[in-house]
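This report describes selected strands, loops and backbone features of one protein model. Please consult the sequence and the coordinates alongside the text.

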Amino acid sequence: MPATKAPARVAAKVAAALLAATTALALAAGCTTSPGPPDDRRGTSRRPSGTSPSAAVGPVLAVKIDNADAARPQTGLDAADLVYAEQVEGGLSRLMAVYASRLPEAVGPVRSARESDLDLLRQFERPVLAFSGAQNKLLPLIDRAPLDAVTPGDASGAYYRGPDRAAPHNLYLHPDRLLRSAPGAAALTTGFHYGAAPPGGRAQAARTVRYPAARFTFTWSESRARWLLSMDGTPTVTADGQRVAPATVVVQHVKVRASAYHDVLGNNTPYTETVGSGKAEVLRDGRVYDVNWKRATAEDGTDFTTDDGRQVGFAEGPVWVVFAEAP
């Protein structure tokens, strides 16, 4: 059967050969008839109907990353241009790392997606979302979202199980099996502005954001000109010993409400509202700036401005956005 007429899963089996034969593909995936155990006992997603690996042109790669204690230290987290931290079931946290400037050799552990991710990712031009599963009732929404969803069932050759941890905290991704190359910083259509800091602000040695069962602390390092991250009281390093240290930290105060979804234990999945407006704190250069944020529609990036309407410049380097529940 010609590849153009083959079902998606059959066509995926020859993706590796196609990748070597053409430079036109931006996304390539292999497949197996055994997708492996789904994450959180949840179903695996299908690639959205009507899309193909070549449909995404210069996309960012977004990866859902486990942030449970058993998942640390993570791999490839320090290579992300942007990391979002959100609250999930039981007051815990989960991360979504976005890669545009460079692709690390591996990323993980990879875990499941949430409803909030779909609105958050609409600010990018058809991003590639790597994740290991989702709540079954959420799958139709993922299929209809303007993104390319790639799970282990869609691209078995891109994922692997690490030998040193128990499932589900041992699933990793080779990013270059999904993207031929990093799309570059221009793909980061978040609305963020980089440049000089606004006037004012106040000196800040450290800032802690607390969830019911998790916390993030960013401590300013003058020698590194970065904010050193600790999670749940422990310094955050990657699997190869690199300290995670963003140049800019955004504490974005948002509404967190109950969604229509629950985990297997019956815990409700929080929904983080990232479209709208509110208050935020921008940490850079050892100072904190109280600012306003606004995102008019899901397709827009987020603007951060001072009270007089001035755009807030971020420091060059990785950005962490921690969504904190607004008072």
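A residue is called buried when its relative accessible area is under 20%, exposed when over 50% and partly exposed in between, with a 1.4 Å probe and protein chains only. Helices (H or I, at least four residues) and strands (E, at least two residues) are DSSP runs, numbered from the N terminus. The model is a predicted one, in which local features need pLDDT of at least 70 and side-chain atom pairs count only at pLDDT 80 or more, while totals for chains, interfaces and linings use all residues. Residues are numbered from 1 along each chain as its sequence is written, and side-chain values use heavy atoms, with hydrogens and water left out.

**Strand β2 and its partners**

Strand β2 covers residues 82-87, and because six of its six residues are buried, the strand is largely enclosed by the rest of the structure. Cover is present on both faces: Leu82, Tyr84 and Glu86 are buried on one side, and Val83, Ala85 and Gln87 are buried on the other.

Two strands are taken to pair if DSSP finds at least two bridges between them. By this criterion β2 pairs with strand β3 (residues 93-99) in the antiparallel sense, over six bridges. Within this pairing, Leu82 stands opposite Val98 of β3. The hairpin of β2 and β3 has five residues between the strands, and Gly90 in this hairpin has a positive phi near 70 degrees.

Strand β2 also runs parallel to strand β20 (residues 319-325), to which four bridges join it. Here Leu82 stands opposite Val319, and Tyr84 has Val321 as its bridge partner. Strand β20 is itself mostly covered, since six of its seven residues are buried.

**The loop before β2**

Which residues does the side chain of Asp66 reach through polar atoms? Asp66 is placed in the loop between β1 (61-65) and β2, and it counts as buried because its relative accessibility is 1%. A polar contact is a pair of N or O atoms within 3.5 Å; within protein, one atom must be able to donate a hydrogen and the other to accept it, and residues adjacent in sequence count only if both atoms are side-chain atoms. The side chain of Asp66 reaches the backbone nitrogen of Ala68 at 3.0 Å, and a polar contact of 2.8 Å joins the side chains of Asp66 and Arg111. Contact in the wider sense means heavy atoms within 4.5 Å. With neighbours within four places in sequence left aside, the residues in contact with Asp66 are Ala71, Gln74, Arg94, Pro109, Arg111, Pro168 and His169.

**Backbone exceptions**

Most residues other than glycine have a negative phi, and most peptide bonds are trans. The table lists departures from these two patterns.

| Residue or bond | Backbone value | Location |
|---|---|---|
| Arg72 to Pro73 | cis, omega about 0 degrees | Pro73: loop between β1 and β2 |
| Gly108 to Pro109 | cis, omega near 0 degrees | Pro109: loop between β3 and α3 (115-121) |
| Arg126 | phi near 35 degrees | loop between α3 and β4 (128-130) |
| Asp285 | phi about 55 degrees | loop between β16 (276-284) and β17 (287-295) |

Pro109, which follows a cis peptide bond, is also among the contacts of Asp66. Asp285 is partly exposed, because its relative accessible area is 40%.

**The open sheet of four strands**

An open sheet has four strands in the order β10-β11-β12-β13, with antiparallel pairing. Its edge strands, each paired on one side only, are β10 (206-211) and β13 (234-235).

A hairpin with two residues as its link joins β10 to β11, and the two strands pair in the antiparallel sense over six bridges. In this pairing, Val209 has Phe216 of β11 as its bridge partner. One face of β10 is covered, with Arg207, Val209 and Tyr211, whereas the other, with Ala206, Thr208 and Arg210, is uncovered.

Further along the sheet, six bridges join β11 (residues 214-221) to β12 (residues 226-231), and these strands run antiparallel. Trp220 has Trp227 of β12 as its bridge partner.
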